[in-house]
Amino acid sequence: KDGAIYVGGLNGFFTFRPETIFGNTEPPHIVITSVKIDNIEALFEKDISVLREISIPFSQSPLTFEFSALDYTNPRNNAYAYKIDQLNSDWIQSGNEHKVTYTNLDPGAYVFRVKGANSHGIWNEDGVALIITIIPPFWKTLWFRVILFAALASFVLSAHYIRVLTIRRKNVQLQILVDQRSAELRTINAKLAE
């Protein structure tokens, strides 16, 4: 009559009262379980679930993140949302899909964030964040641009210096030629004067 269910066993009996069962009110712990580069799992010095920052070369694309809500009550009903702060202002709801792929991220620093909810819709609003640094190719780095500028400036200055030297040599040759012609004209004028 009181709604209790009694179950007998070897060591006595158990009482089960359905009204004492509550939904899962604890938000799930969220972890990033894998980072794949070109569809190959990336290996880091530590497990990706404990890392808070990674660096990836520019040439590596696409970049796939896999994540999980550690709630096992009904894991198929766990929900996820993610974003990259520098690309998205709002969270992207992915339902129960627990991975996302990005292609052609420009070099720079990004913060990838993911949050999740358990099967009862209780969200872990803090989630987890991973700082990703995409290392630029050498031709997009500051030191390469400085070296390129210095080389270009050296080339321009060298070309100018060589041009000035060439003009000076031609001027000297012309002056010698003028002096020779002038001497010849003086000689001819002297003979004509006699």
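1. Let us start with tyrosine 102, which is buried at a relative accessible area of 12%. Here buried means under 20% relative accessible area, exposed means over 50%, and partly exposed lies in between (1.4 Å probe, protein chains only). Please keep in mind that this is a predicted model, where local features need pLDDT of at least 70, side-chain atom pairs count only at pLDDT 80 or more, and totals for chains, interfaces and linings use all residues. Residues are numbered from 1 along each chain as its sequence is written, and side-chain values use heavy atoms, with hydrogens and water left out.

2. Which ring pairs with tyrosine 102 in an edge-to-face way? The structure holds 10 aromatic pairs, and in one of them the rings of phenylalanine 65 and tyrosine 102 have centres 6.4 Å apart and planes at 70°, so this pair is edge-to-face. The rule is that rings of Phe, Tyr and Trp (its six-membered ring) pair if their centres lie within 6.5 Å; planes under 30 degrees apart count as stacked, over 60 as edge-to-face and the rest as tilted. The pair links distant parts of the chain, with phenylalanine 65 in strand S6 (residues 63-70) and tyrosine 102 in strand S9 (residues 99-102), 37 residues apart. Strands (E, at least two residues) and helices (H or I, at least four) are DSSP runs, numbered from the N terminus. Phenylalanine 65 is also buried, at 0% relative accessibility.

3. A second ring pair also starts from S6. Phenylalanine 67 and phenylalanine 112 have ring centres 6.3 Å apart and planes at 40°, so they count as tilted. This pair, too, links distant parts of the chain: phenylalanine 67 is in S6 and phenylalanine 112 in strand S10 (residues 108-117), 45 residues apart. Both phenylalanine 67 and phenylalanine 112 are buried. Ring pairs join Phe65, Phe67, Tyr80, Tyr82, Tyr102 and Phe112 into a cluster.

4. Now for the sheet that contains S6. Its 4 strands form an open sheet in the order S4-S3-S6-S9, with antiparallel pairing; two strands pair if DSSP finds at least two bridges between them. The edges are strand S4 (40-41) and S9, each pairing on one side only. Strand S3 (residues 29-37) runs antiparallel to S6, and 8 bridges join them. Histidine 29 faces leucine 70 of S6 across this pairing.

5. Glutamate 66 also lies in S6, and at 18% relative accessibility it counts as buried. What does its side chain meet in a polar contact? The partner is the side chain of lysine 36, at 3.3 Å. A polar contact is a pair of N or O atoms within 3.5 Å; within protein, one must be able to donate a hydrogen and the other to accept it, and residues adjacent in sequence count only if both atoms are side-chain atoms. Not counting residues up to four places away in sequence, glutamate 66 touches Ile32, Thr33, Ser34, Lys36, His98 and Lys99, where contact means heavy atoms within 4.5 Å.

6. There is another open sheet to look at, with 5 strands in the order S5-S11-S10-S7-S8 and mixed pairing. Strand S5 (53-57) and strand S8 (92-95) are at the edges, each with a single partner strand, so one side of each has no neighbour in the sheet. S5 runs parallel to strand S11 (residues 123-135), and 5 bridges join the two. Among the partners across this pairing, serine 55 is matched with threonine 133, and isoleucine 56 with isoleucine 134.

7. On the other side of the pairing story, S10 and S11 are antiparallel over 9 bridges. Glycine 108 has isoleucine 134 of S11 as its bridge partner. The hairpin of S10 and S11 has 5 residues between the strands, and glycine 121 there takes a positive phi near 80°.

8. Lysine 83 is found in strand S7 (residues 79-84) and is buried, with a relative accessible area of 13%. Leaving aside neighbours within four places in sequence, lysine 83 is in contact with Asn88, Ser89, Asp90, Trp91, Tyr102, Val111, Phe112 and Arg113.

9. Finally, have a look at alanine 183 in helix H1 (residues 142-193). Alanine 183 is partly exposed, at a relative accessible area of 33%. Its C-alpha atom is separated by 97 Å from that of glutamate 97, 86 residues away along the chain.
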